[in-house]
Amino acid sequence: MEIPPVKLSVFDIGKADAGLLQSKQLYQYILETNVYPNEAEVLKELREITASQPLCLMLSAADEGPIMSLLLKLVNAKKTIEIGVYTGYSLLVIAIDPDRSMFEIGLPFFKKAGVEHKVEFIESIALPVLDKLLEDLSYIRQWCFFHPMPKNEGSFDYAFVDGDKENYVNYHERLLKLVRVGGMILYDNTLWSGTVAWEDDSSHDEEMKAIKDVFVDLNKKLASDTRIQISQLPVGDGLTMCMRLH
């Protein structure tokens, strides 16, 4: 009896050690030349601890870290938000994730770095939290009257999304209201191990196919969205950077 071929699953993403470059030597060269020498010791420790966890494929790629760090400085980010945290290797300020247990692994490292007080962790699925941020009002006094105004619209400088893939398009609409003009929104995994370019996906299992289709659709929508300027980088598992234009 013929044994059917093994289908590619989402867990195969985390097994690759060559990145999207498909060259282990070149990928290691980039890491050892540009990434690891400038990586803070506390981040290195957190990355190594995270890599030992069962769902280590959810860890943001090390070569994405310097890009995000540089962008945060370029936009002078003061107020940021992250959707999908895991252990917090790429953690920003307001962090939303439905599972706090993995965040707890990273917490000692935030304390060690002296930034624990800057992190507001919200244990929840993200859409209700984003909707609540958009609903919150502040009241502006004009003469003798107080006028309600959206409190959080345009108040964030930077957002990073690495949560449930099927909701990326829903997060996008909300984040475009929350992030200021000139601010940045980053989406992780947008090349999905390069499979977005595969015409034949018969080697994928059903989950891989479904998520590939999500990203193919998202990439088209982001590319045609006139409200943003985008750049898609072949780092990690694909990183799409969006700057809000208006």
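This note sets out points on salt bridges, one loop residue and one surface patch in a predicted model.

1. Salt bridges overall. The whole structure was searched for salt bridges, and 8 were found. The points below take up several of the pairs and one network.

2. Lys 132 and Asp 136. These two side chains meet in a salt bridge, with an N to O distance of 2.6 Å. Lys 132 is partly exposed, its relative accessibility being 47%. Asp 136 also counts as partly exposed, at 21%; the value for Asp 136 may be read against the cut-off, since buried means under 20% relative accessible area.

3. Asp 162 and Lys 165. A salt bridge links Asp 162 to Lys 165, and the closest N and O atoms are 2.9 Å apart. Here both partners are buried. Each of the two residues is also in contact with Asn 189, which is treated in point 6.

4. Asp 217 and Lys 221. The side chains of this pair form a salt bridge at 3.1 Å, N to O. Both residues belong to helix α7 (residues 206-223), and because they are 4 residues apart there, about one helical turn separates them. Lys 221 has a relative accessible area of 40% and is therefore partly exposed. Asp 217, with 36%, is likewise partly exposed.

5. A salt-bridge network. Glu 173, Asp 225 and Arg 227 are joined into one network by salt bridges that share partners.

6. Asn 189. This residue is located in the loop that runs between β7 (179-188) and α7. Its relative accessibility is 10%, so Asn 189 counts as buried. The Asn 189 side chain makes a polar contact of 3.2 Å with the side chain of Asp 237. When neighbours within four places in sequence are left aside, the residues in contact with Asn 189 are Asp 162, Lys 165, Tyr 168, Phe 215, Asp 237 and Gly 238. The loop residue Asn 189 thus touches both members of the pair in point 3, a pair that is itself buried.

7. A nonpolar surface patch. Leu 21, Leu 26 and Tyr 29 make up a nonpolar patch on the surface, and their accessible area together is about 290 Å². Of these residues, Tyr 29 lies in helix α1 (residues 24-35). Tyr 29 has a relative accessible area of 52% and is classed as exposed, the cut-off for that class being over 50%.

Key. Residues are numbered from 1 along each chain as its sequence is written. This is a predicted model: local features need pLDDT of at least 70, side-chain atom pairs count only at pLDDT 80 or more; totals for chains, interfaces and linings use all residues. Side-chain values use heavy atoms; hydrogens and water are left out. A salt bridge is a side-chain nitrogen of Lys or Arg within 4 Å of a carboxyl oxygen of Asp or Glu. Buried means under 20% relative accessible area, exposed over 50%, partly exposed in between (1.4 Å probe, protein chains only). Helices (H or I, at least four residues) and strands (E, at least two) are DSSP runs, numbered from the N terminus. A polar contact is a pair of N or O atoms within 3.5 Å; within protein, one must be able to donate a hydrogen and the other to accept it, and residues adjacent in sequence count only if both atoms are side-chain atoms. Contact means heavy atoms within 4.5 Å. Patches are made of residues with over 30% relative accessible area and no salt bridge: like charges are joined within 9 Å, nonpolar side chains (Val, Leu, Ile, Met, Phe, Trp, Tyr) within 5 Å. Accessible areas come from the Shrake-Rupley method with a 1.4 Å probe; for residues, only the protein chains shown count as cover.
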